[in-house]
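Hi there,

Here is the structure I promised to pass along, with some notes on what turned up in it. Have a look first, and then read on.

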Amino acid sequence: MALRWKKNKSPVEMQTLLPAPESPDQVRGLFWRPNEAFVAELAAALEGYKVLEVFAGNGYLASVLASRGIEVLATSVLSGMDAHCDGLYHPVVECDALSAVDRFGAGHDMLLMSWPTVTEQAFVAACLWGDKPICFIGEVTCYEKAHLGGCATDRFFECFEPARTFSSYGRYAMEKACIGKMAPPSRKFRQAKLAWERQAHQAPQWLPESCMGSAALNEPSGGTLPHCTTTSGKSSHGTGQTSRHV
């Protein structure tokens with residue numbers, strides 16, 4: 001077995017890496033939908049980039065890309081849902097998304113996030129990333145289509161602007177793989193969310209309140225992203241306000 005180094009604030013420890021599985025179906029903790037056509041298209045799109053992956057889980061996606069010659073640094077908080085306790089497929093630096101961008105962002109030019117968790121980490125990390133490209137894989141939230149995805153938060157999708165979509169990925173309308181950048185908050189997104197919430201509040205009383213949304217749309221749209229500062233003192237955007245997902 002290959003060896004991997006666990007890099008965090010604790011002393012460096014050497015651990016084993018899992019061998020590549022015969023089929024992705026054998027990989028636990030996998031949420032994205034691997035198929036050969038998509039992997040080939042994704043690897044071609046990332047060729048030449050220095051990729052920083054956040055929410056990397058057990059490192060399977062990083063291992064697939066690395067086997068195709070892509071330079072990728074994988075990071076994750078290693079949660080209970082990613083099956084990392086069974087082992088890792090690629091070296092993973094243990095840290096959250098914002099810390100990863102803060103620590104390693106300067107040396108990378110493509111941010112990769114596959115099925116980011118339903119927290120504001122995706123949003124604040126993407127804002128700190130700046131105007132460099134972001135590759136997103138997972139469920140998306142689109143109120144116009146009544147798609148309430150299980151990844152990231154409203155604030156991320158309100159500001160993330162896709163420029164390229166991978167047609168070879170997935171079979172479900174709510175899932176998407178794309179490359180884009182962060183942009184000022186979208187008025188169109190907020191208007192669609194408000195319309196959806198107005199309709200949701202007219203729903204039968206048995207509908208769970210958690211499905212009704214937040215209706216917190218009184219912030220001004222357009223302009224620039226909200227501002228914040230990281231623990232290292234670097235300038236960022238976002239943080240503080242939660243969304244309906246949290």
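One cut-off to keep in mind before the details: a residue counts as buried under 20% relative accessible area, as exposed over 50%, and as partly exposed in between. Please also remember that this is a predicted model.

Let me start with the salt bridges. How many are there by the rule used here? The count comes to six, and three of these pairs are described below.

One of them joins the side chains of Arg68 and Glu36, at 3.2 Å from N to O. The two partners are 32 residues apart: Glu36 belongs to helix α1 (residues 36-46), whereas Arg68 sits in the loop between α2 (60-66) and β4 (71-76). Are these partners buried or exposed? Arg68 has a relative accessible area of 35%, so it is partly exposed. Glu36 reaches 54%, and therefore counts as exposed.

Helix α1 takes part in another pair as well, through Glu41. The side chains of Glu41 and Arg164 meet in a salt bridge at 3.9 Å, N to O. This pair links helix α1 to strand β8, with the two positions 123 residues apart in numbering. Arg164 has a relative accessible area of 38%, so this residue is partly exposed too.

The next pair is Glu144 with Lys188, whose side chains form a salt bridge at 3.9 Å, N to O. Glu144 lies in the loop between β7 (134-139) and α5, while Lys188 is in helix α6, and they are 44 residues apart. Glu144 is exposed because its relative accessibility is 56%, and Lys188, at 54%, is exposed as well.

Now to the part you may want to open in your viewer: the largest pocket. About 480 Å³ of space lies in it. Its lining is made up of 23 residues, and those nearest the centre are Thr141, Cys142, Phe157, Pro162 and Phe189. Which elements give two or more residues to this lining? They are α5 (154-159), β8 (160-165), β9 (175-182) and α6 (187-200). As for the character of the lining, 14 residues are nonpolar, three are polar and six are charged.

Two of the elements that contribute to the pocket lining, β8 and α6, also came up with the salt bridges: Arg164 is in strand β8, and Lys188 is in helix α6.

Happy exploring, and all the best!

How values were computed: Residues are numbered from 1 along each chain as its sequence is written. This is a predicted model: local features need pLDDT of at least 70, side-chain atom pairs count only at pLDDT 80 or more; totals for chains, interfaces and linings use all residues. Side-chain values use heavy atoms; hydrogens and water are left out. On a 1 Å grid over the protein atoms alone, a cavity is a set of points where a 1.4 Å probe fits but cannot get out, and a pocket is an open set with protein on both sides within 12 Å along at least five of seven lines; lining residues have an atom within 4 Å of a point. Grid points are joined across faces, edges and corners, and a volume is the space filled by probe spheres set on the points. Helices (H or I, at least four residues) and strands (E, at least two) are DSSP runs, numbered from the N terminus. Ala, Val, Leu, Ile, Met, Phe, Trp, Tyr, Cys and Pro count as nonpolar, Asp, Glu, Lys and Arg as charged, and the others, Gly among them, as polar. A salt bridge is a side-chain nitrogen of Lys or Arg within 4 Å of a carboxyl oxygen of Asp or Glu. Buried means under 20% relative accessible area, exposed over 50%, partly exposed in between (1.4 Å probe, protein chains only).
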